[in-house]
Amino acid sequence: MQRIRLRYTKRGRLRFTSHRDFQRAFERALRRSAVPMAYSAGFTPHPKVSYANAAPTGVASEAEYLEIGLAEARDPEALRAQLDESLPNGLDITDAVEVRTPNFVERLEASEWQVRLDQVTPEEAGRAIAAFLAAEQVEVERRTKNGVRVFDARGAVAALELLSPQVGDGNETGTDGTADVRSTNPCAILRLVVRHATPAVRPDDVLSGLRATADLAPPVPAEVTRLAQGPLDEETGTVTDPLALDRAAAPAGL
């Protein structure tokens, strides 16, 4: 059985698709593309597809990952293009490698996020970031199916900084490459790197921490995009490519 790791995106309006919605769309793409899937054993065989650390509904992403098992060997790049054609625009397969190394999920140590705060000035955001980073611990609450949970949001943050403060001029470009029409309201854009810990700390938890430490409360919901997830370079606070080891392990000439 050949195994292929794929990187895919959720862009534009497709960021509102749930993980289950994506699973259904992807399985339809597998059928339309006549991919020779390997199946599990038992009374109800399922195609061998495994997903890793999916982004929450409503959050855009440039770096989602899954793995499929094939009954027949295929060229990873040809398979990527074939599947990409069968998915709607916004759910895009951007990379594919043959699996050559184990423990892929363990490599997903952290995520890099871009957080856009409309109607927040860069000065307000900068003061809130400084207060958050200066705190040894920032407790936040999150409501779960088991009730309200309190945990530290500060410990999971490897990097938090203000990026390209701007006032919208109506000519910006969104992460999906489309025109991003904005008003002349102020805007602050944050770069956030969060370690994948237990409990998981999400960008909205960090925003709750900014509210707790500096009373930063954006008047409109933040626009959040995951830019990368993978191994964390603690020295630089950057997230590197989790598929690099598989590419490096490929025989020469492939």
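**Exercises on backbone and salt bridges**

Asp215 is placed in the loop between helix 5 and strand 12 (223–230). The model studied here is a predicted one.

**Exercise 1.** State what is unusual about the phi angle of Asp215, and decide whether Asp215 is buried, partly exposed or exposed.

*Solution.*
Step 1. Most residues other than glycine have a negative phi.
Step 2. Asp215 is not a glycine, yet its phi is positive, near 60 degrees.
Step 3. The relative accessible area of Asp215 is 64%. Exposed means over 50%, so Asp215 is exposed.

**Exercise 2.** Locate Asn103 between its neighbouring elements and describe its phi and its accessibility.

*Solution.*
Step 1. The loop that holds Asn103 runs between strand 4 (93–98) and helix 3 (104–107).
Step 2. Although Asn103 is not a glycine, its phi is positive, at about 60 degrees.
Step 3. The relative accessibility of Asn103 is 48%. Partly exposed covers values between the 20% and 50% limits, so Asn103 counts as partly exposed.

**Exercise 3.** Determine which kind of peptide bond joins Thr198 and Pro199, and find where Pro199 lies.

*Solution.*
Step 1. Most peptide bonds are trans.
Step 2. For the bond between Thr198 and Pro199, omega is about 0 degrees, and the bond is cis.
Step 3. Pro199 belongs to the loop between strand 11 (186–195) and helix 5 (203–214).

**Exercise 4.** Examine the salt bridge between Glu112 and Arg191 and explain which parts of the chain it ties together.

*Solution.*
Step 1. Side chains of opposite charge can pair when their charged atoms come close.
Step 2. Glu112 and Arg191 form a salt bridge with an N to O distance of 3.1 Å.
Step 3. Glu112 is in strand 5 (residues 110–118) and Arg191 is in strand 11, so the pair ties together parts that are 79 residues apart in sequence.
Step 4. Buried means under 20%. Glu112, at 16%, is therefore buried, and Arg191, at 11%, is buried as well.

**Exercise 5.** Describe the salt bridges of Glu72 and Asp204, and then state how many salt bridges the whole structure has.

*Solution.*
Step 1. Glu72 pairs with Arg74, their closest N and O atoms being 3.3 Å apart. Glu72 is partly exposed at 44%, and Arg74 is partly exposed at 34%.
Step 2. Asp204 meets Arg202 in a salt bridge of 3.2 Å, N to O. Asp204 is partly exposed at 37%, and Arg202 is partly exposed at 30%.
Step 3. A network of salt bridges links Arg3, Arg5, Glu67, Arg107 and Asp246.
Step 4. The search of the whole structure gives 19 salt bridges.

Technical notes. Residues are numbered from 1 along each chain as its sequence is written. This is a predicted model: local features need pLDDT of at least 70, side-chain atom pairs count only at pLDDT 80 or more; totals for chains, interfaces and linings use all residues. Side-chain values use heavy atoms; hydrogens and water are left out. Helices (H or I, at least four residues) and strands (E, at least two) are DSSP runs, numbered from the N terminus. Buried means under 20% relative accessible area, exposed over 50%, partly exposed in between (1.4 Å probe, protein chains only). A salt bridge is a side-chain nitrogen of Lys or Arg within 4 Å of a carboxyl oxygen of Asp or Glu.
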